Every structure is written in structure tokens, then in C-alpha cells.
2 protein chains.
Amino acid sequence: MARYRAGLQTRDRILDSTRWLLARAGLDGTTMAAILDRAKVRSGSFYNLFDSKNEAILTVVREAINAVDPHPDGVGQDTVEELVTAYVEFFIGQPTLARIYMQLAVGGALNDEDVAGRVIHHHRDRLERFTDAIRRTRDTTPAKAQLEAELLLAGLNGLALRWLLEPDFDMKRRAREILKRWKVSQPQ
Amino acid sequence: MARYRAGLQTRDRILDSTRWLLARAGLDGTTMAAILDRAKVRSGSFYNLFDSKNEAILTVVREAINAVDPHPDGVGQDTVEELVTAYVEFFIGQPTLARIYMQLAVGGALNDEDVAGRVIHHHRDRLERFTDAIRRTRDTTPAKAQLEAELLLAGLNGLALRWLLEPDFDMKRRAREILKRWKVSQPQ
DNA sequence: GCCTATTTTGAGTGATTATTCCACATTCAC
DNA sequence: GTGAATGTGGAATAATCACTCAAAATAGGC
């Protein structure tokens, strides 16, 4: 089962191709023909390395989902500001992966149980993280902290949505403004 | 060219089927086979009423896009509160159309030039509307009013996104909270 | 009840989809 | 260098896609 160097290289080429296509052409546009053509690989080689087209896609998707998280280990350590910054940095720094993630969250996830489950689970984790961070900086009830986290995350996700439609949209600036408004707001 | 009653009824069945599928299965899942099966119609009848599958889909999409707007005539009259309420009411009252709209905004619109253009244009219109409403209630610069509108809309769109993933999500309650926070916020 | 316009049927089209299979080429430990 | 493991090429597969067409069925004004 051990791979030769050549095999690993073509595997990388296939994943690069799949990643690029998912970001640019969406799930529909990521056909076998397109993947193979872009990776300069014939189908025989592909199926020598992957069991199915879906496996290659899911590999890229997992990569995208995991990349949204800033410090997977240090849960319960981040501040609200750090979490917001990390979220935005992900979109700015890895636009390709970010685009895949957002597209899956809305469109493609509906068809694939596995992907849909991952996205929802991942969102819950993030919500919990934001809630914890808020409770650490403000003396409030768990319910109110969660509501604040939900609104904050909704704002960020809304910005991400807009950025998806208009790539030139300055998400970072708007995220700063959202954070600014959150900081001066007081729980009543 | 005048249609008999039967033809009109079949047309409605096809559009119902297409609408239902777009909302539940997304653009990918809305295949001819699925449309025809659900509408209890054979392909010959379909193409007697529509030029293409895309025409049926676009008919439903236009319907969805237009339904987001509350008072297409009375532009420049609405208050911020009315606009927020109308936006939420659309999602609550017409979940099927709302789901189509959101899916198109993120996923499917990328491939179809026509649909993508419509969605973006429609978003710009809404942004302008929110901006105008804000300027009418607050003495502020156009740039600042637009920023406020952008953040407000981002929050609402973020809520819509979440609702898309979790249909039980109480979007109305969160929208009220967003509006409440916006009201007490002051432009500095 | 006739006659034309409209509607419906359903097998069949060609294009595209992911996937398979096997002969052949390459790699690399020994 | 030999040989077994791994990688590659490419034609062939069956499934599915949107769509066509001619014949049969129905509708409705007269």
C-alpha cells in the first residue's frame, strides 16, 4: 500500500485541481473530466489513488472545514476579538478554501449527509466558542451570552456571504466595525 | 396560441413541482426526471409549455426574487423597522421561496450569468433602500448610513443563512434583537 | 357530432456523467 | 539487474442528463 513518490505527486496534483475547481466552478463544475484535465492525469491513475470522485472532494472539504478554526487545541482560551480576527483572516488568507466552505454551507451540503453534518457540527462548535469568550469578558447569563454570540456570528456570516458574491468587498473593514459596535454595547 | 384549461393546469403543476424541488433538492436535484415525475407529466407535455428546463427554473427564481421586496412601488417611504420586518416576514411566510433565493445567492448563481446578475442587482437595491431609510431617521453622512445599512443587512443575511441550515431556528426573535441593538446605537 | 387547435404520450436522440479494466511503463528494495 | 509493487494510458461501460418528434388523445367553438 505504500506509495511511490510519483503517486504522491499525482495525488497532490489531483487535490490541487479539485480544490481550484470547487472554488471556481462550484460542486457542479467539479466534474471528473475537469479534474483530470486540469491535473494532467488520466482516469486510470485517478482511481488508483482515490476510490471515487467524492473521496477527492471530501478530502478537500475536510481541509476547508478544519481551516476555519484558529487554535483547535486551545479551546476556552481565545478572546472575542481573537475569534473575530481569526474568522476574517481565514477568508482573507485562504479565499479558495473559504469559498468552498461557504458554498457547501448553503448549497451543496443539502445533498450529502456527511458534508451537511460536518458543516452544522462545525457551526455549533464555533458558536460555543464565541459564547465562552463572551462569558469570559462580560458578567452575563449563559442564555444572553449565547444570543450575543449568535448575533455576532450572524453578522460575520452575512459579511462572508456578501464577499462570496462580490470578491472585492472589504470584509475586514466591516468586521472591525461590527466588533467596535459590539464592544460599546452593554447587556441590559 | 391560446391555451386550453388543461394546458394552464399542467403549467401550474410543473411550476409547483419545480418550486418544491428547488427548495428541497437545490439546483442539482432539480432534474427533468424529478420535475416530470413530481408533476405527473411526460417530457412531451413539458416542452409543449416551456422552451427549456431553464425557463421553468428561471420563472420560479424570478418569482422568488421579486417576493423578497415588500412594497416595490413605495421606494423611499419605508422605515428601517418596516424593512427589517418585511425581510423576516418573507422568510417566515414563504420559506420555500426564501430557501430558493438563498441557495441561488450562494451556490447556483455562480454558473448562470443571468441569475447571478439578478441576485446581485437585487441586493444592491435592497442596500440602497436600507441606506435611504437610515438617512431618513438619522442625521448622518451618506457613507456612514451605507455602512450602517451594510452591517444591518449582513446581520439579517447571517440569520437567514443559519435558518437555511437549521429550519427550526427562530429568525424572527434574533432579528428583533438586531433591530433593538441598532436603535440604541449612536453614530459617533 | 364535426373539425381544428391544443395537449399528451413515450420511445428515442446524442451528449455527458462517473467508473472500470487491462495492457504497459515506471519505481525501487534487494 | 531482477522482480514485485506501484503508477499510467485510454478505450469501453452503463447510467443519467436535457431534449425531440410523430402519432394518438382530448378539448371546445360551432
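**Helix packing, chain pairing and DNA contacts**

In chain B of this predicted model, helices α5(B) and α9(B) are roughly antiparallel to each other. The two axes, those of α5 (residues 80-93) and α9 (residues 171-184), come within 10 Å and cross at roughly 165°. An angle over 145 degrees counts as roughly antiparallel, which is why this pair falls in that class. The crossing of α5(B) past α9(B) is right-handed. From α5(B), the contact draws on Glu81(B), Val84(B), Val88(B), Phe91(B) and Ile92(B). These meet Met171(B), Lys172(B), Ala175(B) and Leu179(B) of α9(B). Seven residues of this contact are nonpolar and two are charged. No polar residue takes part in the contact of α5(B) with α9(B).

In chain A, helices α1(A) and α2(A) also pack together. Their axes come within 9 Å and cross at roughly 140°. This angle makes α1(A) oblique to α2(A). The crossing of α1(A) past α2(A) is right-handed. On the α1(A) side, the contact is made by Arg13(A), Ile14(A), Ser17(A), Thr18(A), Trp20(A), Leu21(A), Ala25(A) and Gly29(A). On the α2(A) side, Ala34(A), Ile35(A), Arg38(A) and Ala39(A) contribute. By class, seven residues of the contact between α1(A) and α2(A) are nonpolar, three are polar and two are charged.

The two protein chains are superposable. A rotation of 179°, with 0.1 Å of shift along its axis, places chain A on chain B with an RMSD of 0.2 Å. The two copies are thus related as by a two-fold rotation axis. Between them, 33 residues of chain A are in contact with 32 residues of chain B. On chain A, the helices that each supply at least two residues to this side are α1, α6 (95-106), α7 (113-137), α8 (142-165) and α9 (171-184). The largest share, 14 residues, comes from α8(A). By class, the side of chain A that touches chain B has 16 nonpolar, 11 polar and six charged residues. Of the interface residues of chain A, 97% are also interface residues in chain B, so the copies meet through the same surface.

Helix α6 takes part in this pairing from both chains. The axes of α6(A) and α6(B), the latter spanning residues 95-106, come within 9 Å and cross at roughly 165°. The two helices are therefore roughly antiparallel to each other. The crossing of α6(A) past α6(B) is left-handed. Met102(A), Gln103(A) and Val106(A) meet Met102(B), Gln103(B) and Val106(B). This contact has four nonpolar and two polar residues, and no charged ones.

Both protein chains also line the DNA. Around DNA strand C there are 25 residues, of which Met32(A), Lys53(A), Arg3(B), Gly7(B) and Gly44(B) come nearest. In chain A, α1, α2 (32-39), α3 and α4 (53-67) each give two or more residues to this surface. In chain B, α1 and α3 do so. Helix α3(B) gives the most to the surface near strand C, with four residues. By class, the surface near strand C has 10 nonpolar, 11 polar and four charged residues.

DNA strand D is likewise surrounded by 25 residues. The closest are Gly7(A), Gly44(A), Met32(B), Gly44(B) and Lys53(B). In chain A, the elements giving two or more residues to the surface near strand D are α1 (5-29) and α3 (43-49). In chain B, they are α1 (5-29), α2 (32-39), α3 (43-49) and α4 (53-68). Helix α3(A) supplies the largest share of this surface, four residues. The surface near strand D comprises 10 nonpolar, 11 polar and four charged residues.

Definitions and conventions. Residues are numbered from 1 along each chain as its sequence is written. Chains are lettered from A and ligands numbered from 1 in the order in which they are written. This is a predicted model: local features need pLDDT of at least 70, side-chain atom pairs count only at pLDDT 80 or more; totals for chains, interfaces and linings use all residues. Copies are superposed by least squares on the C-alpha atoms of residues with pLDDT of at least 70 in both. Two residues are in contact if their C-beta atoms, placed from the backbone, lie within 7 Å. A residue is near a molecule or strand if its C-beta atom, placed from the backbone, lies within 6 Å of it. Ala, Val, Leu, Ile, Met, Phe, Trp, Tyr, Cys and Pro count as nonpolar, Asp, Glu, Lys and Arg as charged, and the others, Gly among them, as polar. Axes are lines fitted to C-alpha atoms, for helices over the stretch in contact, and angles run from 0 to 180 degrees between N-to-C directions. Angles under 35 degrees count as roughly parallel, over 145 as roughly antiparallel, 65 to 115 as roughly perpendicular and the rest as oblique. A crossing is left-handed if the near helix is turned anticlockwise from the far one by less than a right angle, and right-handed if clockwise.
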